[in-house]
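Work through the following exercises with the sequence and the model side by side. Try each task by yourself before you read the worked solution beneath it.

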Amino acid sequence: MNPEAGSFCPGAGGGQLPAAARGGPVSHAVSRVARLHRVAAGRLLRQAGLYPGQEMVMMYLWEAGPVRQSELIKASELDPSTVTKMLQRLEQSGHVRRCPDPADRRAVLVEATEGSCALLAEVSRAWSTLEEVTLAGLDPAERAELARLLAKVEGNLCTEALAECRDLPTARPARPGSTPDRPERDRSRR
């Protein structure tokens with residue numbers, strides 16, 4: 001493309017936002033922030049020997065105890081092949097154990113190993129550091145307001161993006177990535 005000829009499509013270029021994103025500046029910002037957050041998380045988690053997303057699986061297993069692999073797939077809202085690959089890596093590193101479910105030999109139970117307890121402290125430190133990096137410069141009131149607004153945005157997106165938005169009751173572990181203090185959604189709207 002000839003740089004002097006201008007943009008490929010009429011109406012593109014010439015602003016801070018890409019032309020196609022001008023109708024959604026907040027969505028564009030959320031997308032950029034999510035990408036940067038994932039990169040920052042990845043750097044911190046690498047120190048613990050994890051890839052991004054594996055810590056969410058471990059958080060679920062630490063809270064839930066042994067669960068069927070199919071339940072973990074549903075809870076993580078990831079593709080089954082992605083979860084299987086994560087579990088293979090976590091199993092190779094000694095953090096999880098998989099075995100046949102005694103109640104149904106066709107099903108597989110997944111559980112965190114005792115050896116993964118040391119990883120729990122590393123993941124907690126990584127998330128605390130990530131929180132401070134992410135919220136640096138925000139006072140406590142701004143942090144609370146941001147958390148409140150993000151919970152509303154998450155609720156909007158959950159309703160729009162998922163056929164079934166499930167928040168588990170507080171007595172059970174929250175799904176990976178959920179906000180523990182978010183009120184349960186009205187299940188009658190599904």
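**Exercise 1.** In which helix is Ser124 found, and is Ser124 buried, partly exposed or exposed?

*Solution.* Begin by placing the residue in its element: in this predicted model, Ser124 is found in helix α5. Next, take its relative accessibility, which is 39%, and compare this value with the two cut-offs, under 20% for buried and over 50% for exposed. Because 39% falls in between, Ser124 counts as partly exposed. As a last step, look for Glu55, which stands 69 residues away from Ser124 along the chain, and note that the C-alpha atoms of the two residues are separated by 9.6 Å.

**Exercise 2.** Where does Gln54 lie, is Gln54 buried or exposed, and which residues is Gln54 in contact with once its neighbours within four places in sequence are left aside?

*Solution.* The element comes before the environment here as well: Gln54 lies in helix α2. Its relative accessibility is 3%, so Gln54 counts as buried. With the neighbours within four places in sequence left aside, the contacts of Gln54 are Gly49, Met86, Arg89 and Leu90.

**Exercise 3.** Why is α2 described as largely enclosed by the rest of the structure, and what is the sign of phi at Gly65, the residue that follows α2?

*Solution.* First list the residues of α2 that are buried, namely Gln54, Glu55, Met56, Val57, Met58, Tyr60, Leu61 and Trp62. These are eight of the eleven residues of α2, and therefore the helix is largely enclosed by the rest of the structure. Then step past the end of the helix, where Gly65 has a positive phi, near 80°.

**Exercise 4.** Which residues of the largest nonpolar core touch the most other members, and which element gives the largest share of this core?

*Solution.* The core has 25 residues, and those that touch the most other members are Val57, Met58, Leu61, Leu72, Leu87, Val96 and Leu119. Two or more residues come from each of α1 (25-46), α2 (54-64), α3 (69-76), α4 (80-92), β3 (104-112) and α5 (117-135), while α2 supplies the largest share, with five residues. To see one of these core residues in its surroundings, select Met58, which, not counting residues up to four places away in sequence, touches Leu90, His95, Val96, Ala112, Ser116 and Leu119.

**Exercise 5.** Which residues form a nonpolar patch on the surface together with Leu150?

*Solution.* Start from Leu150, which lies in helix α6 (residues 140-161) and is partly exposed, with a relative accessible area of 47%. Leu138 and Leu146 join Leu150 in the patch, and together the three residues have about 220 Å² of accessible area.

**Exercise 6.** How many disulfides does the structure hold, and how accessible are Cys99 and Cys117?

*Solution.* Recall that a disulfide is a covalent bond between the sulfur atoms of two cysteines. The structure holds zero disulfides. Turning to accessibility, Cys99 counts as partly exposed at 30%, and Cys117 counts as partly exposed at 48%.

**Exercise 7.** How many helices and strands are there in the protein chain, and in what order do the elements run from the N terminus on?

*Solution.* Counting by type gives six helices and three strands, and reading from the N terminus gives the order α-α-β-α-α-β-β-α-α. Finally, for the chain as a whole, buried residues make up 28% of the 190 residues.

Terms used. Residues numbered from 1 in each chain as written. Predicted model: local features only at pLDDT ≥ 70, side-chain atom pairs only at ≥ 80, totals over all residues. Heavy atoms only, no water. Patch = residues over 30% accessible without salt bridge, like charges linked within 9 Å, V, L, I, M, F, W, Y side chains within 5 Å. Areas by Shrake-Rupley, 256 points an atom, 1.4 Å probe, with all protein chains shown as cover. Salt bridge = Lys/Arg side-chain N within 4 Å of Asp/Glu carboxyl O. Helix = DSSP H or I, 4+ residues; strand = E, 2+ residues; numbered from the N terminus. Buried < 20%, exposed > 50% of the residue type's maximum accessible area, 1.4 Å probe, protein only. Core = buried A, V, L, I, M, F, W, Y, C linked by side-chain atoms within 4.5 Å. Contact = heavy atoms within 4.5 Å. Disulfide = S-S within 2.5 Å.
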